[in-house]
Amino acid sequence: MSPSDSPNARHLRVQSSLSQEIDLLFRSELADPRLEGVSLTSLALTPDGRLVRIGYTLTPEAEAAGTHAARQALDRACGYLRSRLAEHLDLKRVPQLRFVYIGVSEPPRESLPPPPDAASEGEDPEGGGR
């Protein structure tokens, strides 16, 4: 058995494939409006390969509306996602999916304008002239 075929390397490859495929399916094939504001943030495959825990966050607006609707939509999507994973990935057994609420995602920070400096006003920062 080569090092690339070790159980740990295989586990990481399967986890990576699952992560990429679930992210793609989530973004392109799920149209439930209750998933608006849901972002997948992490994925962990259990050592036995039977369960995938998928962490997700909600935007502040989605969280204010309540986490229950998003949770229901994610639970409802599990069967569909598993069937699509079975079609796209070459696995003996597609793991169960469990969504785990992580919390509220931080809104993107607004970029601040750069502080005014002497160089932008036509002066040489070294104090010399042009």
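Two strands count as paired here if DSSP finds at least two bridges between them. I keep that in mind while going through this predicted model.

**Entry 1, the strand pair.** I looked up S1 and S2 to begin with. They pair in the antiparallel sense, over seven bridges. I also picked out one rung: Leu43 has Ile54 in S2 as its bridge partner.

**Entry 2, the sheet.** Next I wanted the strand order. I find three strands in an open sheet, running S1-S2-S3, with mixed pairing. S1 and S3 each have a single partner strand and stand at the edges, so one side of each is left without a neighbour in the sheet. I noted the twist as well, which averages 25° from one strand to the next.

**Entry 3, the helix on the sheet.** Which strands does H3 touch as it packs on the sheet? I get S1, S2 and S3, and the direction of H3 makes about 145° with that of S3.

**Entry 4, the core.** I then turned to the largest nonpolar core, which has 26 residues. Leu18, Val38, Leu85 and Leu97 touch the most other members. At least two core residues come from each of helix H1 (7-29), strand S1 (38-45), strand S2 (51-58), helix H3 (67-88) and strand S3 (96-104). Which element gives the largest share? My lookup says H3, with seven residues.

**Entry 5, one leucine up close.** I finished on Leu85, one of the residues that touch the most other core members. Leaving aside residues up to four places away in sequence, I list its contacts as Leu18, Glu21, Ile22, Leu25, Val94 and Leu97. Happily, Leu18 and Leu97 turn up again there.

Technical notes. Residues numbered from 1 in each chain as written. Predicted model: local features only at pLDDT ≥ 70, side-chain atom pairs only at ≥ 80, totals over all residues. Heavy atoms only, no water. Core = buried A, V, L, I, M, F, W, Y, C linked by side-chain atoms within 4.5 Å. Buried < 20%, exposed > 50% of the residue type's maximum accessible area, 1.4 Å probe, protein only. Helix = DSSP H or I, 4+ residues; strand = E, 2+ residues; numbered from the N terminus. Contact = heavy atoms within 4.5 Å. Axes fitted to C-alpha atoms, helices over the stretch in contact; angles between N-to-C directions.
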